[in-house]
Structures are given as structure tokens and as C-alpha cells.
Amino acid sequence: MDFKIPLSFPVFNGNENAYLQRAISSRHIATSGEFITEFERRLSTRLKSHEAVALNSGTSSLHLAMVLLGIRPGDEVICQSFTFCASANPVVYLGATPIFVDSEKESWNICPEILEDTILSRISKGKKPKAIVIVHLFGMPAKLKEIMEISDKYNIPVLEDAAEAFGSQYLGKSCGTFGKIGVISFNGNKIMSAGGGGALIANDTASVQHARLLSTQAREDLPFYHHLEIGYNYKMNNLSAAVGVAQLEQLDTFIQARRHINQRYRILLEDFPGINFQTESPDSQSNYWLTSIVIDKQITGFSNIELKSALTKNGIESRFLWKPLHTQPVFNMTPYYGGSMAERLFENGLCLPSSVNLTLQDQEFIVEVMRKELSKTFK
Ligand SMILES: Cc1ncc(COP(=O)(O)O)c(C=O)c1O
């Protein structure tokens, strides 16, 4: 279905066409070409202390990150339950088991207290987790200070799934640069897009070089095809990188726009009791990729399901929050630690349209639809 107001659509107001033309004219449309190196160089400059390897998706970046962390069959990997399946699927690709952990109510991301309890519980069962996958959902930084303290205390590396959080900051530092390895996604609906793609980010040269090698089928630098390891076809192509470079030039404008949209929703919905926003802490700055709310049905008189169908009826796209992975049939044999926080967020939450080019009129229309359509229920 085509929506009048989509959830998160890319905008191409910069050099996308020019760079794509240049890439095509150069005839480098596959995994070599000037834009791949340029994209990696500019990403690394932005991330300051870290280097980026441009890959063909956020999922492949997570998979490669887990390979680099040495995750093997039979290992256990702790993972935030409240997330998209791509955060945990690569654990399974490697024959390891995800151990899901609940969220806390402020950032909606992994709860540090439950995380520590989980580590202690798994250690007591003779299984020290091999890594901790944390996520910055909808752009909101997780409680990184507490999480990194736990990671250091138990000497378990953090893999930061910053797929949704490129440009978000915690204590003035980029999300994705706290863990041993970080991952970003550039798929079609993210804060900036490369058509599809991702990046693996790390600050040790050995990991970066190893990621580059593994992403190109682990082909050794020799005149003939020679392989010492099993590799992957995960490198980004030059066309995606061309779009990526152009989008990266506009990233700060995109972040500003999404933050502005979030602010406007807060103002427009101020007198709508029972609607609560995912909100920053004093330490964190979200890119507000998607403005997300939870609805207190007792107060509003309507549910997220009713709100979503009212919006859909009027051509407005919205999306339920992630269904926690420990409740997914495919993961029903997987251990879970925590209470019902993630489930309650899923049952009551909704992501609102947040595209960079969403106008004030669009937002006023969305809120008007909410008032009109739902007045029957909430009066
Ligand atoms: C939290 C999270 N992790 C991982 C991914 C995977 O990224 P990609 O779609 O680029 O494979 C996504 C986005 O789709 C995501 O939202």
C-alpha cells in the first residue's frame, strides 16, 4: 500500500544523481571504485577514533562482527530482546544461542541490572556469555555507562547494534564507538540510506583489516585466488557507496530535521494525556530516527491498534514497535531474563511518521486524524 504520509522515506536533495552518474561512467559498479574508499574515509572521519568498513547490509555487518568476536557453535550471546530480528539472527547463523534480556523503561533498551543478573546466572550454569549485543532503538542511546562497566567487570565484549542510531550521541561520543565493534545500517528507511548497506566500525586496525579480508571472500592479496579462511561476499558496491557519500554530506541536516519533527510532535500532542514519548536522558542525544510513543490506554481510551488503523485509514503509515524476540515463535526455545517491560512497550507502542521531509501541515493532519478518529473512543 502506498501511503500519503510514509513512515520513513529517504530524501535525495544532494549529490546522489551526480555521484551515481560518475560511478556509472567509471564503470566501477561492483565492489571496487572510488566511492567505496571515499565513503569509508568520510565515515571514519566522522567517527573520529574509529574506522569503518563499508558492507552490503547491517545484518551482514553484525554477522561479520560476531565472526570477529570469535563466536562459535555452542557459545551463548546475550542480546537485547526488544529489537529487530537482525540483531540476533547472526548468533544463530554461527550455531550459537542468543540469551534474551529485557529492556529498562527510560531508553527502552537493554536493562543493565537484568544484564548483570543474566551474566551471573549463565556463569553459575558454567556458560560465560561470549558477547553482549546491545541496541539503540529508534536512535535512542542505551545506558552505555552502566553497560560498559558491566562489560569491563566481566570481561565480555559489547557488540553495539547502532543500525538505527547513526549520528546519535552518548556523553558527546558517537553511538557505535563504545563497544568492541559497532554496526550501522544504511537501508532504505534509515536516517541516511545507501539503497542498502551497512558499516562495521572498530578502533583496532587488526579487526578492521580482518573484516575487509573476510568481506571479500577472504581472498589473499596474491596474483591467484588463494584462501586461508572461509570468507563472505559482504562488501558494499560502488553504486551504493556513491549514494552513501551524498547522503552522508546531508546527515547533520537529516538529524536536525528528525529532531525537529520529534519536538513538533511533543508540542502538538501536549494536551493529549496518556501519550508518552521515548525520551533522552541528560547523557544521551538521539537522532530521533523514528519518533516513538507508548499509549496508556486507561487514560487515552484507545489502543495502539486502534490508533494505527485510524492512521492507515487516512493514508498515514505507522508501525508497531518491535515484537520482543523472546516472544517470537522462531526463538521459543531461547532463554529469557527479565519481566514484561519489552512486551508492554510492544503492546502499547507505535512509531509515528518521521521522514525528513515531513511538513508541519503533515504533522498537524496526523494529530487532527488522531483527535477526530479517536474522539469516539477517548471522550
Ligand atoms: C536494530 C536493527 N538491527 C539490524 C538491522 C539490519 O540492518 P539491514 O536492514 O541493513 O540488514 C536493522 C535494520 O533493518 C535494525 O533496525
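Here is a walk through this structure, from its domains down to single pairs of residues. Keep in mind that the model is predicted.

Let's start with the big picture. The chain splits into two parts: domain 1 covers residues 16–250, and domain 2 covers 252–378. If you take the centre of each domain over its C-alpha atoms, the two centres are 26 Å apart. Where do the domains meet? On one side of the boundary there are 40 residues of domain 1, and they are in contact with 30 residues of domain 2. Looking at the domain 1 side, the elements that give two or more residues to it are strand S3 (97–101), helix H5 (112–124) and strand S6 (169–170). S3 has the largest share, with five residues. As for chemistry, this side of domain 1 is made up of 20 nonpolar, 12 polar and eight charged residues.

Those names come up again in the sheets, so let's go there next. One open sheet has eight strands, and its order is S1-S9-S8-S5-S4-S2-S3-S13, with mixed pairing. Why do S1 and S13 each have a side without a neighbour in the sheet? Strand S1 (51–55) and strand S13 (336–337) are at the edges, and each has a single partner strand, so one side of each stays free of a neighbour in the sheet. Helix H5 packs on this sheet, where it touches S2, S3, S4 and S13, and its direction makes about 140 degrees with that of S3.

Now zoom in on one pair of strands. S2 (residues 76–80) and S4 (residues 131–135) run parallel and are joined by three bridges. To find your place there, look for Ile 78, which stands opposite Ile 132 in S4.

There is also an open sheet of three strands, in the order S7-S6-S11, and here the pairing is antiparallel. Strand S7 (173–174) and strand S11 (284–285) are its edge strands, each pairing on one side only. Two bridges hold the antiparallel pair S6 and S7, and Gln 169 stands opposite Ser 174 in S7.

Next, helices. Two packed helices are described by the angle between their axes and the distance between the axes. For helix H2 (residues 34–47) and helix H8 (residues 238–248), the axes come within 8 Å and cross at roughly 35 degrees. The crossing of H2 and H8 is left-handed. On the H2 side, the contact is made by Phe 35, Ile 36, Glu 38, Phe 39, Arg 42 and Leu 43, while H8 brings Asn 238, Ala 241, Ala 242, Gly 244, Val 245 and Leu 248. Sorted by type, the residues of this contact are eight nonpolar, two polar and two charged.

Last stop: the ligand. Which residues come nearest to the ligand? Of the 14 residues around it, those are Ser 57, Gly 58, Thr 59, Ala 163 and Ser 185. The shell around the ligand divides into four nonpolar, eight polar and two charged residues.

Notes
Residues are numbered from 1 along each chain as its sequence is written. This is a predicted model: local features need pLDDT of at least 70, side-chain atom pairs count only at pLDDT 80 or more; totals for chains, interfaces and linings use all residues. Domain bounds come from an automatic or database domain assignment. Two residues are in contact if their C-beta atoms, placed from the backbone, lie within 7 Å. Helices (H or I, at least four residues) and strands (E, at least two) are DSSP runs, numbered from the N terminus. Ala, Val, Leu, Ile, Met, Phe, Trp, Tyr, Cys and Pro count as nonpolar, Asp, Glu, Lys and Arg as charged, and the others, Gly among them, as polar. Axes are lines fitted to C-alpha atoms, for helices over the stretch in contact, and angles run from 0 to 180 degrees between N-to-C directions. A crossing is left-handed if the near helix is turned anticlockwise from the far one by less than a right angle, and right-handed if clockwise. A residue is near a molecule or strand if its C-beta atom, placed from the backbone, lies within 6 Å of it. Two strands pair if DSSP finds at least two bridges between them.
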